[in-house]
Every structure is written in structure tokens, then in C-alpha cells.
Amino acid sequence: PEAAVAYREALKLYRSIYGDDNKKVITIAENVAFAYFKCGQFDKCLKVYKKILHTQSHSKDAEIRGDYLRTLSQLSHVYEKQKNYRAALDCTTEVLTIKQKLLDESHPD
């Protein structure tokens with residue numbers, strides 16, 4: 001897909017400038033993953049989202065680490081499209097488990 005190619009080129013440039021652990025780089029990587037998702041290239045999409053998750057989980061930046069749940073939820077959608085319901089459920093369960101740990105019982109979520 002044309003959009004994915006353009007985003008991959010931008011991603012390469014931004015990584016060379018900022019490295020992987022950077023909000024701008026992750027945002028572009030998310031765009032690459034989304035372009036693959038929209039084109040039905042789910043294996044490529046998964047690969048990108050997994051790399052993003054790895055970066056987010058090891059980031060020193062609290063904002064980047066905070067985006068981990070959103071990315072994990074996106075990963076769940078990709079697995080669902082692939083009819084890999086076990087993996088989708090595992091991702092969703094992890095999101096809910098982490099949210100429960102972070103939020104107290106009075107929180108509306």
C-alpha cells in the first residue's frame with residue numbers, strides 16, 4: 001500500500017534522528033500499522049504493533065509507557081480480524097487486568 005510505503009520512509013528518517021523511544025517515532029509506527037490493517041496485511045500490522053509494544057513497555061518516558069494499553073487494544077483488534085480469538089482475548093484480558101490495578105473501585109471505567 002502506498003500509504004504504508006510513505007509512512008515507512010518517514011519512520012526510517014525519524015528513527016535515524018530520534019531513535020525508537022520517541023513519541024513522534026511511535027506515532028508514525030502506529031500509522032504504518034494502521035495502513036497495513038486497512039489493507040488487510042495483518043501479519044505486517046502485528047509485527048509493527050508488537051515492536052511498538054516492546055518499545056512502550058521499556059520506555060523511560062511515562063507518556064510512552066502510558067500508551068501501552070491503547071496499543072495492546074489495537075493488537076487485539078488485529079488478532080480478531082485474523083480470527084485468532086484466543087490471542088485477541090488474551091490481549092483484552094491483559095488490558096482489563098492492568099486497568100483494574102491502576103484504577104480504584106470508584107472509577108467509572
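This note walks through a predicted model, point by point.

1. **Overall make-up.** The protein has 109 residues, and 34% of them count as buried. Its secondary structure comes to six helices and zero strands. Read from the N terminus, the elements run α-α-α-α-α-α. The C-alpha trace spans about 45 × 35 × 20 Å along its principal axes.

2. **A nonpolar patch on the surface.** Three residues make up this patch: Leu13, Ile17 and Tyr18. Together they have about 300 Å² of accessible area. Ile17 sits in helix 1, which covers residues 2-18. Is Ile17 buried or exposed? Ile17 has a relative accessible area of 54%, so it is exposed.

3. **The largest pocket.** The volume of this pocket is about 200 Å³. Its lining includes Arg8, Leu11, Lys12 and Arg15. Val32, Tyr36, Lys44, Lys47, Val48 and Lys51 also line the pocket. Which helices each supply at least two residues of this lining? They are helix 1, helix 2 (23-38) and helix 3 (42-58). By class, the lining divides into four nonpolar, no polar and six charged residues.

4. **Salt bridges, starting within one helix.** The count comes to seven salt bridges. One of them joins Lys12 to Glu9, with the closest N and O atoms 3.7 Å apart. How many residues apart are Lys12 and Glu9 in helix 1? They are three residues apart, so about one helical turn separates them. Lys12 counts as exposed, because its relative accessibility is 55%. Glu9 counts as partly exposed, at 47%. Lys12 also appears in the lining of the largest pocket.

5. **A bridge between helix 3 and a loop.** The side chains of Lys51 and Asp20 meet in a salt bridge, at 3.8 Å from N to O. Lys51 lies in helix 3, while Asp20 lies in the loop between helix 1 and helix 2. The pair therefore ties together parts that are 31 residues apart in sequence. Lys51 is partly exposed, with a relative accessible area of 40%. Asp20 is partly exposed too, at 32%.

6. **A bridge from helix 2 to a later loop.** Lys23 forms a salt bridge with Asp67, and their closest N and O atoms are 2.2 Å apart. Lys23 lies in helix 2. Asp67 lies in the loop between helix 4 (62-66) and helix 5 (68-81). So this pair ties together parts that are 44 residues apart in sequence. Are the two partners buried, partly exposed or exposed? Lys23 counts as partly exposed, at 29% relative accessibility. Asp67 counts as buried, at 13%, because the cut-off for buried is under 20%.

7. **A salt-bridge network.** The pair of Lys23 and Asp67 does not stand alone. Glu30 and Arg70 are linked with Lys23 and Asp67 in a network of salt bridges.

8. **The cavity.** How many cavities of 30 Å³ or more are there? The count comes to one. About 50 Å³ of space lies in the largest cavity. Its lining consists of Arg15, Asp20, Val25, Ile26, Ala29, Lys51, Ile52 and Thr55. Helix 2 and helix 3 each supply at least two of these residues. The lining has four nonpolar, one polar and three charged residues. Asp20 and Lys51 are both in this lining, and they are also salt-bridge partners. Arg15 and Lys51 line the largest cavity and the largest pocket.

9. **A backbone point to check by eye.** Most residues other than glycine have a negative phi. Lys83 is not a glycine, yet it has a positive phi of about 65 degrees. Where is Lys83 found? Lys83 is in the loop between helix 5 and helix 6 (85-102). Its relative accessibility is 60%, so Lys83 counts as exposed.

Conventions: Residues are numbered from 1 along each chain as its sequence is written. This is a predicted model: local features need pLDDT of at least 70, side-chain atom pairs count only at pLDDT 80 or more; totals for chains, interfaces and linings use all residues. Side-chain values use heavy atoms; hydrogens and water are left out. Patches are made of residues with over 30% relative accessible area and no salt bridge: like charges are joined within 9 Å, nonpolar side chains (Val, Leu, Ile, Met, Phe, Trp, Tyr) within 5 Å. Accessible areas come from the Shrake-Rupley method with a 1.4 Å probe; for residues, only the protein chains shown count as cover. A salt bridge is a side-chain nitrogen of Lys or Arg within 4 Å of a carboxyl oxygen of Asp or Glu. Helices (H or I, at least four residues) and strands (E, at least two) are DSSP runs, numbered from the N terminus. Buried means under 20% relative accessible area, exposed over 50%, partly exposed in between (1.4 Å probe, protein chains only). On a 1 Å grid over the protein atoms alone, a cavity is a set of points where a 1.4 Å probe fits but cannot get out, and a pocket is an open set with protein on both sides within 12 Å along at least five of seven lines; lining residues have an atom within 4 Å of a point. Grid points are joined across faces, edges and corners, and a volume is the space filled by probe spheres set on the points. Ala, Val, Leu, Ile, Met, Phe, Trp, Tyr, Cys and Pro count as nonpolar, Asp, Glu, Lys and Arg as charged, and the others, Gly among them, as polar.
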